[in-house]
Structure formats: structure tokens, C-alpha cells
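Q: Could you walk me through how to read a contact between two chains, and then strand pairing?

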Amino acid sequence: MKLARVVSHVVSTQKHPFYRGQKTFMVKPLRLDGTPEGPTFVAVDRVQSGVGDWVLIMQEGSSARAMFGEAEAPVRSVIVGIVDNVDLHVEGK
Amino acid sequence: MIPGRVVGRLVASQALAALEGVKFLLVQPVDDALADAGAPVVACDAIGANVGEAVFMAQGREATFPLPNTFNPADLTIVAIVDHVTR
């Protein structure tokens, strides 16, 4: 799973039926120290997160489909947790 | 899912039967400021997107589900047209 920051709310009208009623966010992946790493992507929110939150992202297709109970949902990235705190211990720092 | 902007069309008159009737679009991936990020890609269209529109795409196995014949060799499919993003 990935640590990321919610950047913006993605609003769309014309979309695949699966996305009706789903909240989608643009998220920026983060290293454990909070610095951005890698390209921004879109994720479906399942935990009522908001812009600015640090979140936990699950990126596995069949797990996502199981979560939504839909066998043919075109979804992979799902926000599955809001991160309160990351307690990182690195030797020598 | 990958955000992008449709920048063109691609026509492949000879393609695998499973991709018959599928519209291909050229999509420029974008970052959180909707600025270009990386090289353009070819994506299948499942919702009727047009050139100039912001979209997001499903990748990998999930890209196959929205197409008419679900047993197909697609790995990138447009699943939504983005109206706007709010910070």
C-alpha cells in the first residue's frame, strides 16, 4: 500500500456507471518523510477523506473489485485509510 | 487511475477482433496542476471522450472491463471525463 496526500477533488459527469456516486480524488504519492515521489494519480475514496489529508492507498484490482462487490469495476486505486501519524525510526538519524 | 488530457485520435483499421469498434485516443498524462507529465499514450475510449477534454483512465486488467467485448487485450481505457478539479 502507498502513502499519499489528497490534492484535489475530481468532478466528472460523463463516466463509467461504476463511478456514479463515488468520490474521486487526485492524490500525490509520498515517501515516508512526506516528500512527494512519483506521478499523481486518481483514487476512489472509501473513508471520507478530504483535500490535504495524508491517506493510505490500496492499488490492487481484484481487492478493489471485492471491496465494491462488483466483478467488472474498472477501478484499482482506492483510499482505504486516513493517516494520523507516521512514526519513522531510522538508524543513525 | 491516471489523469490525462485527450490530444488526438488514432485509427487502426486492422486490429484484433476483440478490439473491433473500439475508439482509440491519444492522451497526454497530466499532474495535479493539469500540466503535462510524461509522454502521450494510446487509450481505448469507453465513454465518448473528445479531443481537448480532461479524463482519467483505468489501467491494466481493469481497463478491459468497460469495453464491449470484455475478453480483450486493452491495458488503458478512459473511464471518466473530468469536468473540473477543486482544491
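The dialogue below takes the contact first and the strand pairing after that.

A: Happy to! This is a predicted model, where local features need pLDDT of at least 70, side-chain atom pairs count only at pLDDT 80 or more, and totals for chains, interfaces and linings use all residues. Residues are numbered from 1 along each chain as its sequence is written, with chains lettered from A and ligands numbered from 1 in the order in which they are written.

Q: How many residues does each chain give to the contact?
A: Two residues are in contact if their C-beta atoms, placed from the backbone, lie within 7 Å. Here chain A gives 25 residues and chain B gives 30 residues.

Q: Which strands of chain A supply at least two residues of the side that touches chain B?
A: Strands are DSSP runs (E, at least two residues), numbered from the N terminus. In chain A, strand 1 (2–11), strand 2 (23–29) and strand 3 (41–45) each supply at least two residues of that side. The largest share, five residues, comes from strand 1 of chain A.

Q: What does strand 1 of chain A pair with in chain B?
A: Two strands pair if DSSP finds at least two bridges between them. Strand 1 of chain A pairs with strand 6 (residues 84–86) of chain B, antiparallel, over three bridges. There, A:Val11 has B:His84 as its bridge partner.

Q: And within chain B, which strands pair with strand 2?
A: Strand 1 (residues 2–10) of chain B runs antiparallel to strand 2 (residues 23–29) over six bridges, with B:Arg5 opposite B:Gln28. Strand 3 (residues 41–45) of chain B is also antiparallel to strand 2, joined by five bridges, and B:Phe24 stands opposite B:Cys44.

Terms used: Helices (H or I, at least four residues) and strands (E, at least two) are DSSP runs, numbered from the N terminus.
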